[in-house]
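Let's take a walk through a protein together. Have the sequence and the 3D view at hand, and follow along as we go.

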Amino acid sequence: MSLETVRLSQRGKEQLTRSKRDTGIKNWNVLSRWALCLSLAEPSPPAPAKIPADSSVEMTWKVFAGADADLYHALLIQRCVNDGYEPDADTVAEQFRLHLHRGIGYLFGDPSLKSLTGMLARAL
């Protein structure tokens, strides 16, 4: 497993599709970054789970992270260390998928995050 390619589960795709419609944010990568940050802000680690990469939504790490790729990677490594995981490439990639999909669930399930205004209020 690596961070070179980001592929969403079908459930994650469906949840992000709804969030795109609700917020007006058109790009998968932008919403996915919000989702990752929401999960990283949660003090508990995500529950271990097998998350299938069974949707048609796929992006490279560069597209996902953009100009801040090094920052997102460092945040993931630090989070692994904080949670007691060895920050090797496979663990970082696994934790990334877990955080991303947990964050997508937060975006989808939290009524306060159904608008761009709500998302910005949460960020502040």
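How many salt bridges does a search of the whole structure find? The answer is three. Before we visit them, keep in mind that this is a predicted model.

**The overall picture**

Let's start with the big view. The protein has six helices and two strands. If you begin at the N terminus and read along, the order of elements is β-α-α-β-α-α-α-α. The radius of gyration is 14 Å, close to the 14 Å that the globule rule gives for 124 residues, so the protein is as compact as a globular protein of that length. Along the principal axes, the C-alpha atoms fill a box of roughly 35 × 30 × 30 Å. As for what is tucked away, 38% of the 124 residues count as buried.

**The salt bridges**

Now back to those pairs. Side chains of opposite charge can pair when their charged atoms come close. Here they are, with the distance between the N and O atoms:

| Salt bridge | N to O distance |
|---|---|
| Glutamate 58 and arginine 7 | 3.6 Å |
| Aspartate 22 and arginine 18 | 3.4 Å |
| Arginine 79 and aspartate 83 | 2.8 Å |

Take the pair of glutamate 58 and arginine 7, which meet in a salt bridge. This pair links distant parts of the chain: glutamate 58 belongs to strand E2 (residues 58–60) and arginine 7 to strand E1 (residues 5–7), with their positions 51 residues apart in the numbering. Arginine 7 has a relative accessible area of 32%, so it counts as partly exposed.

The pair of aspartate 22 and arginine 18 is a more local affair: both lie in helix H1 (residues 10–23), four residues apart, which is about one turn of the helix. How exposed are the two partners? Aspartate 22 is partly exposed because its relative accessibility is 27%, and arginine 18 is partly exposed too, at 38%.

Then there is arginine 79, which forms its salt bridge with aspartate 83. Is arginine 79 buried or exposed? Its relative accessible area is just 8%, and the cut-off for buried is under 20%, so arginine 79 is buried.

**The loop between H4 and H5**

Next, find the loop that joins helix H4 (69–82) to helix H5 (89–109); glutamate 86 sits there. Glycine 84 is in this loop as well, and so you can add tyrosine 85 to your list.

How much of each can be reached from outside? Glycine 84 is exposed, because its relative accessible area is 64%. Tyrosine 85 reaches 31% and therefore counts as partly exposed. Glutamate 86 has 57% relative accessibility, so it is exposed.

You can also use this loop to get a feel for distances in the fold. Glycine 84 and proline 45 are 39 residues apart along the chain, and their C-alpha atoms are separated by 9.8 Å. For tyrosine 85 and arginine 122, 37 residues apart along the chain, the C-alpha atoms are separated by 28 Å.

**A charged patch**

One last stop. Which residues form the negative surface patch? They are Glu86, Asp88, Asp90 and Glu94. You have met Glu86 already: it is the exposed glutamate from the loop between H4 and H5.

Notes:
Residues numbered from 1 in each chain as written. Predicted model: local features only at pLDDT ≥ 70, side-chain atom pairs only at ≥ 80, totals over all residues. Heavy atoms only, no water. Patch = residues over 30% accessible without salt bridge, like charges linked within 9 Å, V, L, I, M, F, W, Y side chains within 5 Å. Areas by Shrake-Rupley, 256 points an atom, 1.4 Å probe, with all protein chains shown as cover. Salt bridge = Lys/Arg side-chain N within 4 Å of Asp/Glu carboxyl O. Lys, Arg positive; Asp, Glu negative; His and termini not counted. Charge placed at Lys NZ, Arg CZ, Asp CG, Glu CD. Buried < 20%, exposed > 50% of the residue type's maximum accessible area, 1.4 Å probe, protein only. Rg over C-alpha atoms; globule rule 2.2 N^0.38 Å.
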